[in-house]
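Trainee: Before we use any term for this model, could you take me through the criteria behind it?
Mentor: Yes, with the sequence and structure open beside us.

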Amino acid sequence: METINLEDLFEAKLAKNEMIEPKDWMPENYRKHLIRQISQHAHSEIVGMLPEGNWITRAPSLRAKLILLAKVQDEGGHGLYLYTAAESLGITREEMLDALLTGKAKYSSIFNYPTLSWADVGAIGWLVDGAAIMNQVMLQRSSYGPYSRAMVRICKEESFHQRQGYEIMTQLSFGTSEQKEMAQDALNRWWYPTLMMFGPPDVESPNSENAIKWRIKRETNDQLRQRFINQTAIQVEYLGLVAPDKNLKWNEKKQGYDYSDPDWNEFKSVIKGNGICNKDRLLSRNNSHKNGEWVREAAIAFGKKQEQESKAA
Ligand code: 3HC
């Protein structure tokens with residue numbers, strides 16, 4: 001009788017662009033890689049609620065407040081889809097949250113920068129959500145089914161977020177000179193941290209080789225960063241703003257923009273926990289977790305009561 005090699009089956013599925021599903025056999029390192037990436041991604045969504053949540057009470061109009069409130073709620077939902085996708089790989093929600101709350105887990109470096117003005121809310125939607133979409137559109141074709149499907153929904157919502165941010169930037173850039181200055185200041189502060197979101201340069205990215213081999217990522221950090229710059233440089237120009245990079249220039253030969261690298265030492269320092277807001281973000285998450293304890297207890301008690309009632313019926 002012919003024996004089926006599970007690893008060959010896994011490789012054959014990848015080669016045919018088929019999805020790997022939770023009950024399929026998968027190499028242990030593939031599972032670990034996904035748990036690492038998806039849980040970090042989930043943490044980024046949840047921590048990402050904080051910088052903008054900070055502006056909900058100060059939004060300049062009721063319309064702006066409603067939109068921002070919905071956006072921040074969306075990010076919470078994204079975190080939940082992603083935690084659920086990671087749970088399907090055999091890690092518990094408690095383990096992931098514990099890693100976040102004790103500072104062991106990484107989340108996106110971008111959320112360790114402060115939001116100083118309303119223009120920062122615009123810059124986050126435009127640049128940060130724009131960069132997240134650039135990455136996540138690729139992740140819709142990721143090889144792990146639950147991750148890929150979560151991305152489809154997330155990308156739809158992120159597109160609204162990007163437009164919300166660009167609308168704010170448009171209003172400010174074509175507004176009074178003070179408003180335009182505010183937009184320029186936000187662009188100056190968010191440009192390089194946004195470029196860092198794509199991760200270290202390919203030559204310094206320890207995880208990219210496996211991620212590409214296993215089709216978890218379809219494009220590399222540098223490829224996505226370049227595409228983001230090509231798209232965004234034109235928008236900067238349209239807004240009448242100036243990117244804080246004197247080397248940003250169209251290069252006909254490579255059919256893309258030349259640009260300066262962000263300060264990779266700053267990036268390393270931020271992901272080690274030394275960014276401007278790292279401590280504050282962790283403290284906020286820990287406080288929210290403590291304050292939410294009664295909600296979790298009530299939900300568990302309600303679940304138990306329903307279970308007892310359905311058994312008794
Ligand atoms: N911030 C924090 N850590 C980062 C980082 C960043 N911007 N970029 C890379 N790193 C970390 C990696 O997690 C890895 O750490 P580890 O090995 O200890 O886990 C290390 O730096 C080396 O980086 P690699 O390039 O080798 O690692 P990855 O292949 O994991 O690439 C990534 C980095 C591009 C972040 C990739 O993990 C990825 O595509 N992740 C999924 C998308 C994601 O997490 N996006 C978060 C953006 S925010 C968001 O979506 C919220 C939205 O509302 C705006």
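What follows is a conversation about the ligand, the pockets and one helix start.

Mentor: This is a predicted model, in which local features need pLDDT of at least 70 and side-chain atom pairs count only at pLDDT 80 or more, while totals for chains, interfaces and linings use all residues. Residues are numbered from 1 along each chain as its sequence is written, and side-chain values use heavy atoms, with hydrogens and water left out.

Trainee: What makes a residue one of those around the ligand, and which come nearest?
Mentor: A residue is near the ligand if one of its heavy atoms lies within 4 Å of it; there are 32 residues around the ligand, and Q40, E75, K106, S109 and K217 come nearest.

Trainee: Why is the pairing of S109 with the ligand called a polar contact?
Mentor: A polar contact is a pair of N or O atoms within 3.5 Å (within protein, one must be able to donate a hydrogen and the other to accept it, and residues adjacent in sequence count only if both atoms are side-chain atoms). A backbone N or O atom of S109 lies 2.8 Å from a nitrogen atom of the ligand, so the pair qualifies. An oxygen atom of the ligand is likewise 3.0 Å from a side-chain N or O atom of N135, and an oxygen atom of the ligand is 2.9 Å from a polar backbone atom of N207.

Trainee: How much of the ligand does the protein cover?
Mentor: On its own the ligand has 1,000 Å² of accessible area, of which the protein covers 90%, by the Shrake-Rupley method with a 1.4 Å probe.

Trainee: What is meant by a pocket here, and how much space lies in the largest pocket?
Mentor: On a 1 Å grid over the protein atoms alone, a pocket is an open set of points with protein on both sides within 12 Å along at least five of seven lines, and lining residues have an atom within 4 Å of a point. About 1,100 Å³ of space lies in the largest pocket, and of its 48 lining residues Q40, N135, M197, F198 and G199 are the closest to its centre. The ligand takes up the space of this largest pocket.

Trainee: Which helix gives the most to that lining?
Mentor: Helix 6 does, with nine residues, where a helix is a DSSP run (H or I, at least four residues) numbered from the N terminus.

Trainee: What lines the second largest pocket?
Mentor: About 580 Å³ of space lies there, and of the 17 lining residues I46, L80, L97, R285 and H289 are the closest to the centre. Helix 5 supplies the largest share, five residues.

Trainee: How do you know that N5 makes a polar contact at the start of helix 1?
Mentor: A side-chain oxygen of N5 reaches to within 2.8 Å of the backbone nitrogen of E7 at the start of helix 1 (residues 6-15). Helix 1 is followed by N17, whose phi is positive, near 65°.

Technical notes: 1 Å grid on protein atoms, 1.4 Å probe; cavity = no way out; pocket = protein on both sides within 12 Å on 5 of 7 lines; lining within 4 Å. Sits in = over half its atoms within 2 Å of the grid points. Points joined across faces, edges and corners; volume = space filled by probe spheres on them. Helix = DSSP H or I, 4+ residues; strand = E, 2+ residues; numbered from the N terminus.
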